[in-house]
Amino acid sequence: MTGVDTEILIDVWQRLLADPRKSWVLFEHGTCVVLTAPEEELAEQATDLLKKFGPAHAGSSAGDFGVIDPKDVEGWVVTGHHNDVLTYVGPDEPQDQSQIAVGLFGRSKRHRDGTELHVVHVEDKRGSADPACPPCATVTASKLC
């Protein structure tokens, strides 16, 4: 399984997560945990969430996924059974770029992140705010807030 460079992943997630008040934690294989109620230790909080909601189990809600094709970034975002756990799949990663293949590929990356639990970046937005961006909690095809 080829991977995406960490610096590229950070840039992608900074563009995708437009809300300047959302803290998030990035894991080695491209899974991002958005912390809607950040606590003291962001990496620890995200690791606990991903440990519970990252591993995929086929035939259960832990195997479910959805695929978002964002307008502003090449590639896809794969969702799972927790709204705040999202995995980026780069445009060159899966050989088959059908929705099902991309979803399965993203789910496998989420599973690896959920079992290996290697944090590569923490974006701490506590205390920052941009009045031009109203709070939102939606994921759309054009923007992740």
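Here is a short walk through this protein, from its overall layout to a single lysine and a charged patch. Keep in mind as you look around that the model is predicted.

Let's start with the whole fold. The protein contains 3 helices and 6 strands. If you trace the chain along its sequence, these elements come in the pattern α-β-β-α-β-β-β-α-β. The protein has 145 residues, and 46% of them are buried. On the outside, the protein exposes about 7,400 Å², with carbon and sulfur atoms supplying 49% of that area.

How do parts of the sequence meet in space? Take the contacts in the protein with a separation of 6 or more: 60% of them are accounted for by residues 24 or more positions apart.

Lys125 is a nice place to see such a meeting. You will find Lys125 in the segment after β6, the strand that covers 119–123. Now look for Ser23: Lys125 and Ser23 are 102 residues apart in sequence, yet their C-alpha atoms are 4.7 Å apart in space. Ser23 also has company, for when neighbours within four places in sequence are left aside, Lys125 is in contact with Pro20, Arg21, Lys22 and Ser23. Is Lys125 buried, exposed or partly exposed? Lys125 counts as partly exposed because its relative accessibility is 22%, and buried would mean under 20%.

Finally, turn to the surface and look for acidic side chains. Glu39, Glu40, Glu41, Glu44 and Asp48 form a negative surface patch. One of these, Glu44, is in helix α2, which spans residues 42–53.

Methods:
Residues numbered from 1 in each chain as written. Predicted model: local features only at pLDDT ≥ 70, side-chain atom pairs only at ≥ 80, totals over all residues. Heavy atoms only, no water. Helix = DSSP H or I, 4+ residues; strand = E, 2+ residues; numbered from the N terminus. Buried < 20%, exposed > 50% of the residue type's maximum accessible area, 1.4 Å probe, protein only. Contact = heavy atoms within 4.5 Å. Patch = residues over 30% accessible without salt bridge, like charges linked within 9 Å, V, L, I, M, F, W, Y side chains within 5 Å. Areas by Shrake-Rupley, 256 points an atom, 1.4 Å probe, with all protein chains shown as cover. Salt bridge = Lys/Arg side-chain N within 4 Å of Asp/Glu carboxyl O. Lys, Arg positive; Asp, Glu negative; His and termini not counted. Charge placed at Lys NZ, Arg CZ, Asp CG, Glu CD.
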